[in-house]
Amino acid sequence: MEHIRTPKVENVRLIDRTAPRKAMVGTLYLSATHTIFVENNPETRRETWVLHSMVASVERPPTTPSGSHLVVHTKNFQVVQLLIPQERDAMDVQASLARLSQKYSELYCLSINPNANKEEREESWSFLDLQADYRRMGVPNNLWVSTPANSEYRVCDTYPSELFVPKSATPPVIVGSSKFRSRGRLPVLTYFHQDTLAAICRCSQPLSGFSARSQEDEQMLEAIMKSNPGSDYIYVVDTRPKLNAMANRAAGKGYENEDHYANIKLQFIGIENIHVMRNSQQKISWLVNLKTPSMGDFLWGLESSGWLKHIKAVLDAGVFIAKAVAEEGISVVVHCSDGWDRTAQACSVASVLLEPYYRTMKGLMLLIERDWVSFGHKFSHRYNHLEGDPKEVSPVIDQFLECVWQLSEQFPCAFEFNERFLVQLHRHVYSCQYGNFLGNSQKERRDMGLRERTHSLWPQLWKDRAQYANPLYRADHTQTQGMLRPNTTPYCFKMWKGMYNRMEKSSPPRQTPTDLLTAVREETQQLEEELTNHQEVAPGGTAQPGTKQGIQTRSRNAPNERCSLRPIYKFINISL
Amino acid sequence: MEFAELIKTPRVDGVVLRRPFLPTVEGTLCLTGHHLILSSRQDNTEELWLLHANIDAIEKRFVGSLGTIIVKCKDLRVIQLDIPGMEECLNIASSIEVLSTLDSVSLMYPLFYRPMFQVIEDGWKSFLPEDAFKDLESMTEEWRLSDVNKDYSVCSSYPPLVAVPKDVDDDTLRKAAAFRHGGRFPVLSYYHKKNGMVMMRSGQPLTGTNGRRCKEDEKLINATLRAGKRGYIIDTRTVSVAQQAKARGGGFESEANYPQWRRIHKAIERSSILQESLIKLVEACNDQSHSMDRWLSKLEASNWQTHVKEILTSACLAAQCIDREGASVLVHGTEGTDSTLQVTSLAQIILDPACRTIQGFQALVEREWLQAGHPFQQRCSQSAYSNSKPRCEAPVFLLFLDCVWQILRQFPCSFQFSQHFLVLLFEHTYASQFGTFMGNSASERSKLNLSQKTVSLWSWVNRPQEVERLSNPLYEANCLVIWPSVAPQSLLLWEGVFLRWKRSSRCLDEAYDEMVHIIQYNKELQNKVNNLRRQLAQLETEEPLLQTP
């Protein structure tokens with residue numbers, strides 16, 4: 001608590017940026033975990049909560065006669081503007097927030113429910129079972145087997161301990177291949193397509209330089225090809241721009257030489273590196289914070305940010321892989337430099353395209369758990385959980401989530417979840433409210449003992465699944481079946497307003513078809529129940545007292561008051 | 001002139017038709033006076049019936065003796081016809097060129113079209129000014145219907161009946177008309193029931209360089225103000241454009257002569273610029289390069305979205321003056337037949353829930369566009385592909401529809417109609433079998449006697465099956481004023497028109513069907529449950545014993 005200099009400031013104004021004159025007056029509290037603003041108005045007493053770990057920056061523009069402004073930018077693109085009467089208080093709040101938002105010891109996940117029941121916590125961590133998902137894909141089988149090579153993280157400390165490799169890959173091949181790959185990230189299975197027997201494998205770049213080669217690594221790729229009976233080549237997808245890949249050769253890294261590896265077809269995709277992506281997203285968030293941009297400013301800004309171009313590149317990578325696997329029946333080995341950013345994006349987008357299961361809530365959770373969490377995507381570095389190297393920060397998973405959103409715009413019936421689910425996932429990647437995304441690898445999380453000290457996000461999301469459901473989703477709908485073939489012409493991409501521009505107010509409140517349809521479906525369900533009740537009663541013509549009671553309560557909701565059942569216009573406290 | 005003279009080759013066999021999203025069809029091509037028809041002569045294959053009037057431009061190509069005609073339509077569709085035989089191909093192409101650009105109104109298809117459906121309600125009589133005025137009379141007594149323009153002599157682009165302040169006599173109107181561009185003196189456009197404020201529209205005042213004034217004009221518009229209240233004049237042109245208009249005899253209301261009015265200038269572009277914008281936008285949508293940078297920069301350079309934003313912003317301003325400021329508003333630009341109507345009609349969509357119903361929207365189009373003298377025939381004779389030099393063509397009405405679509409997208413439950421209705425109107429303004437959008441004013445339509453000689457689009461639209469098709473399943477009537485966001489990120493490209501033939505809408509259509517299904521099923525259940533509730537209630541009254549178990 002030593003970081004909180006001023007726990008409470010009174011007469012603070014919370015300024016609505018769209019209507020500056022309509023500020024709320026209230027009290028600002030700093031707790032160990034949140035900044036909380038409580039409105040004075042005794043009737044509404046609206047509360048605004050901002051989690052410290054979500055704070056990206058706190059600006060303090062020059063003091064004005066009416067007081068000192070504080071502008072809090074959160075990591076999920078929301079902006080809270082406060083007016084504090086005393087400059088002294090404003091400085092204290094700013095200093096406190098700067099510390100609080102960076103302190104590991106105070107990370108929310110470690111302080112939430114410390115006394116909660118142990119079984120409950122353990123159960124939360126067993127909610128998802130990655131091995132069961134591999135079994136669902138049909139792995140292990142007579143082509144792909146589990147290898148103990150990485151138990152205790154011996155060959156690769158950023159990989160999961162359980163790995164699947166071709167049956168014919170011997171331990172020397174595994175170890176040899178791992179030595180020839182950046183950070184030991186050897187080619188292993190991530191997705192197996194049961195219909196075509198083609199696989200998606202992932203790894204990091206080979207340490208090929210200008211001339212180096214490794215027999216074991218060549219054998220490994222050969223083994224991957226042979227694990228797909230009937231195919232006589234594999235694709236090696238290097239997700240980097242070719243120029244970047246070539247530049248890496250000077251550093252003793254690079255890409256596979258097609259003369260050394262028999263039967264591979266090398267394909268460059270051209271997804272830019274984390275630094276380009278970081279700058280690009282900064283431009284987008286700057287763009288949405290412009291006060292009154294003209295259409296020209298906006299479209300120019302959108303173009304010059306390059307953001308949609310990058311989203312398209314990631315989606316195109318996924319489409320290439322998915323088509324190779326499902327249509328050509330050819331296995332694909334995917335890598336970038338280290339194989340934990342662009343590779344994770346490309347593989348997980350391909351999985352979403354290929355497999356209806358990954359378009360369900362639980363499926364997407366499993367996919368993130370597999371391609372991102374277990375394969376060592378560096379969450380703590382990328383999402384700046386702790387004070388770290390700002391050059392390591394990059395919106396890598398943001399882009400994956402956005403690709404899923406772009407797909408859901410093209411295929412509105414194909415996803416079990418709605419936009420809110422993706423926004424919520426994004427929030428938790430940054431919030432550190434749960435232990436799932438702390439650390440940079442499975443090994444780090446194990447060493448930190450996170451399963452003993454924190455809770456898992458997944459069962460919590462599952463519990464609230466009603467609010468994340470897409471009302472248009474039906475498991476038996478044609479869009480739900482088989483592979484998605486999105487159109488990636490530039491005009492098919494839109495700016496994700498629900499992510500970057502969520503705070504916009506509207507009068508009357510924005511109507512969303514999703515909320516409305518969800519409410520209609522809920523009501524339909526109630527009607528179905530009531531109908532069953534009635535039908536049980538009607539034939540005999542004798543109503544039982546109990547049933548009758550139930551009917552009387554419900555009949556208050558006469559059909560012409562359908563609105564009353566709909567929770568859409570209800571706005572409760574905003575939690576950021 | 002006989003059509004037969006224009007058709008050198010009326011029939012060609014073995015023609016192959018390629019069009020977006022549909023399988024290739026081989027069949028016989030026929031040219032009639034008004035249609036290009038392709039029939040495979042198989043029962044289950046769809047035929048092509050294309051109105052010549054819908055053809056914006058054609059291109060021909062030859063490979064050996066196989067000719068290809070690319071037909072570019074005003075609804076932005078592009079189709080391809082492969083025609084064996086060079087001579088046939090050339091004949092067909094030249095016939096299409098002539099038939100699609102016939103200038104003579106008397107040869108237009110609506111005059112030949114006989115409806116294949118039963119006209120239940122004659123659309124020509126659905127929205128008469130006297131009926132609209134009855135609604136107004138029920139709300140206020142401050143207005144009267146004047147027939148000063150009954151023979152179109154005061155203003156050729158106004159209808160015979162217009163609503164004006166009760167205290168202003170016809171003589172004053174005549175004098176005010178002489179002071180306004182095209183004789184378009186200020187008339188009532190909208191009465192805001194909530195606070196009694198009004199919106200009027202007119203042409204620009206003819207002040208000229210020496211600052212002419214007209215007492216009658218001042219009297220006319222001041223008559224709409226409440227004592228001590230100021231009104232707003234929204235000039236849809238920038239200050240500099242309005243200044244320049246003085247040199248050509250036009251101008252704007254000066255503070256000195258209109259002290260009770262505050263003038264605000266907006267910047268809606270003139271028609272030639274809008275047409276250019278449409279051409280650039282459609283070209284951007286047809287770009288094959290697949291480069292995101294190129295797409296976004298072409299989209300920006302077209303300025304289409306800028307126009308949408310500008311028009312919506314002006315409409316919001318007018319609505320704000322009326323609803324929030326409690327002031328009356330006069331809207332005009334130069335002629336008062338284009339940007340003025342965009343603003344007045346969109347402001348009504350924002351303010352008046354009635355305009356968001358299917359009938360109400362038709363009434364709005366009839367009142368604020370057709371009766372108000374928007375020159376549809378001039379504006380819509382060419383679309384985005386035409387090679388000929390544009391004369392008066394401009395997508396003024398299409399921009400209005402685009403703006404309505406933007407509001408509809410932001411408030412998906414507030415409109416009784418879906419975007420299908422807007423797309424249908426877009427199509428029929430450019431090529432139609434109905435007479436509704438023929439001519440440039442009420443006077444022209446009356447001279448052509450269209451109400452007798454043609455069928456009204458409204459007769460078609462208001463049949464139950466069409467109403468059903470155009471309905472928005474999410475609609476729930478509300479009586480609110482709806483304020484659209486005009487922030488750039490809130491305004492999207494209207495895919496339903498501009499990408500309609502570019503990307504398959506199958507998945508979106510399926511989603512729409514799913515939505516309809518969810519809502520219909522809900523309604524069915526409600527009916528069933530209500531029936532049972534009623535039966536149960538009856539049983540309870542018949543058998544009172546059951547109530548006390």
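**Exercise 1. What area is buried between chain A and chain B, and what percentage of it do carbon and sulfur atoms give?**

Solution. The structure is a predicted model.

Step 1. Chain A and chain B bury about 5,700 Å² between them.

Step 2. Carbon and sulfur atoms account for 65% of that area.

Step 3. On the side of chain A, the residues that lose the most area to chain B are Met295(A), Tyr491(A) and Gln511(A), which together make up 14% of what that side buries.

Step 4. In terms of residues, chain A brings 68 to the contact, and chain B brings 62.

**Exercise 2. Identify the polar and charged pairs that join the two chains, and then the elements of chain A that touch chain B.**

Solution.

Step 1. Three salt bridges are counted between chain A and chain B. One of them pairs Lys309(A) with Asp293(B), with 3.2 Å between the closest N and O atoms. This distance satisfies the cut-off, which asks for a side-chain nitrogen of Lys or Arg within 4 Å of a carboxyl oxygen of Asp or Glu.

Step 2. Twelve residue pairs are in polar contact across the interface, counting pairs in which both residues have pLDDT 80 or more.

Step 3. On the side of chain A that touches chain B, the elements giving two or more residues are helix 9 (295-305), helix 10 (307-328), helix 14 (396-410), helix 21 (513-537) and helix 22 (545-554). Helix 21 of chain A gives the most, with 14 residues.

Step 4. By residue class, this side of chain A holds 31 nonpolar, 20 polar and 17 charged residues.

**Exercise 3. Describe the annotated domain in each chain.**

Solution.

Step 1. An unreviewed UniProt entry lists "domain: Myotubularin phosphatase" at residues 124-500 of chain A. For chain B, the UniProt listing under that name, also from an unreviewed entry, covers residues 123-498.

Step 2. Residues 124-500 of chain A are 45% helix and 8% strand, and the C-alpha atoms at the ends of the span are 31 Å apart.

Step 3. Residues 123-498 of chain B are 44% helix and 9% strand, with 29 Å between the end C-alpha atoms.

**Exercise 4. Is Ser280(A) buried or exposed?**

Solution.

Step 1. Ser280(A) belongs to helix 8 of chain A, which spans residues 274-288.

Step 2. Its relative accessible area is 1%. The cut-off for a buried residue is under 20%, so Ser280(A) is classed as buried.

Step 3. Leaving aside residues up to four places away in sequence, Ser280(A) touches Ser305(A), Gly306(A), Trp307(A) and His310(A).

Key. Residues numbered from 1 in each chain as written. Chains lettered and ligands numbered in written order. Predicted model: local features only at pLDDT ≥ 70, side-chain atom pairs only at ≥ 80, totals over all residues. Heavy atoms only, no water. Contact = heavy atoms within 4.5 Å. Buried area = accessible area lost by both parts, 1.4 Å probe. Polar contact = N/O pair within 3.5 Å; in protein donor to acceptor, adjacent residues only side chain to side chain. Helix = DSSP H or I, 4+ residues; strand = E, 2+ residues; numbered from the N terminus. Nonpolar A, V, L, I, M, F, W, Y, C, P; charged D, E, K, R; others polar. UniProt positions renumbered as here; feature names shortened; annotations may be inferred. Buried < 20%, exposed > 50% of the residue type's maximum accessible area, 1.4 Å probe, protein only.
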